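Good morning, everyone, and thank you for making the time. Please have the sequence and the structure open while I talk, and follow along at your own pace.

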Amino acid sequence: MMKEFSSHGLKLVIATNAPRALAVRALKKLGLLDYITVVWGCDSGGGDKSSHRYFKALAHYAGFKPRTALAIGDRKATDCVLAVKAGYADAIHIRGASDLQRVCRYILAHKKPRNIRGNEEGVL
């Protein structure tokens with residue numbers, strides 16, 4: 001599924017409260033690192049995910065405007081509420097892998113890469 005996102009021109013960015021190196025190792029071990037544009041950890045800048053500044057710093061570093069991004073996360077208070085507070089277009093709260101798969105399938109079936117928000121490049 002991540003390969004499909006890449007082929008549609010969507011950027012995948014990982015934001016985690018774990019140190020960046022730990023997240024990179026995990027993604028590499030799972031064979032997913034090649035599909036990720038940016039891995040942003042608690043030590044990457046902007047503090048941790050308990051502040052909307054974390055999501056603003058991530059957007060700035062990754063080179064996208066927050067209003068072009070959709071946040072998907074398993075923690076509503078941080079992954080979703082604070083991302084929207086930081087100016088992200090929207091956020092989806094998921095409760096597990098099956099929710100994530102359904103959301104990704106829906107996005108691939110209904111969204112074009114440049115239609116997440118306006119005519120700008122989409123970032124997930």
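I will go from the overall layout to two of the helices, then to a pair of strands, and finally to the cores.

Let me say at the outset that this is a predicted model, so please keep that in mind throughout.

The secondary structure comes to five helices and four strands, and if you read along the sequence you will find the pattern α-β-α-β-α-β-α-β-α. The protein has 124 residues, of which 36% are buried. If we take the contacts between residues at least 6 apart in sequence, 53% of these join residues that are at least 24 apart.

Let us turn to helix H2, residues 20–29, where Ala-23, Val-24 and Leu-27 are buried. Looking down the axis of H2, we see these buried residues fall within an arc of 100 degrees, so they line one face of the helix. For the first-year students, it may help to recall that an α-helix has 3.6 residues a turn, so residues three or four places apart point the same way. The buried residues of H2 pack against strand E1, residues 13–15, and against strand E2, whereas the face turned away from the buried side carries the exposed residues Arg-25 and Lys-29. Just after H2 comes Gly-31, which takes a positive phi of about 75 degrees.

Now please find helix H5, residues 97–110. Its 14 residues, at 1.5 Å a residue, should span 20 Å, and the end C-alpha atoms are 20 Å apart, which agrees. Which residues of H5 are buried? They are Asp-99, Val-103, Cys-104, Ile-107 and Leu-108, and, seen down the axis of H5, they fall within an arc of 160 degrees, so they line one face of the helix. On the other side of H5, Ala-109 and His-110 are exposed. The buried residues of H5 pack against helix H1 (2–7), strand E3 (70–73) and strand E4 (90–93).

Those last two strands deserve a closer look. E3 and E4 run parallel and are joined by four bridges; among the partners, Ala-71 is matched with Ala-91 in E4, and Gly-73 with His-93 in E4. To get from E3 to E4 the chain passes through H4, and this β-α-β crossover is right-handed.

Finally, the cores. In soluble globular proteins, nonpolar side chains tend to be buried together. In our model, the largest nonpolar core has 17 residues, and those that touch the most other members are Val-38, Phe-55, Leu-58, Phe-64 and Tyr-88. Strand E2 (38–40), helix H3 (52–62) and helix H4 (76–85) are the elements that give two or more residues to this core, and the largest share, five residues, comes from H3.

What is Leu-58 in contact with, leaving aside its neighbours within four places in sequence? Its partners are Val-13, Ala-15, Val-38, Trp-40, Phe-64 and Tyr-88. There is also a second, separate core of 14 residues, which includes Phe-5, Leu-10, Ala-23 and Leu-108. You have met two of these names already, for Ala-23 is one of the buried residues of H2, and Leu-108 is one of those in H5.

Technical notes
Residues are numbered from 1 along each chain as its sequence is written. This is a predicted model: local features need pLDDT of at least 70, side-chain atom pairs count only at pLDDT 80 or more; totals for chains, interfaces and linings use all residues. Side-chain values use heavy atoms; hydrogens and water are left out. The expected span of a helix is 1.5 Å times one less than its number of residues. Buried means under 20% relative accessible area, exposed over 50%, partly exposed in between (1.4 Å probe, protein chains only). The arc is that of the directions from the helix axis to the C-beta atoms. Contact means heavy atoms within 4.5 Å. A nonpolar core is a set of buried Ala, Val, Leu, Ile, Met, Phe, Trp, Tyr and Cys residues joined through side-chain atoms within 4.5 Å. Two strands pair if DSSP finds at least two bridges between them. A crossover is right-handed if, with the strands pointing away from the viewer, the path from the first strand over the helix to the second runs clockwise.
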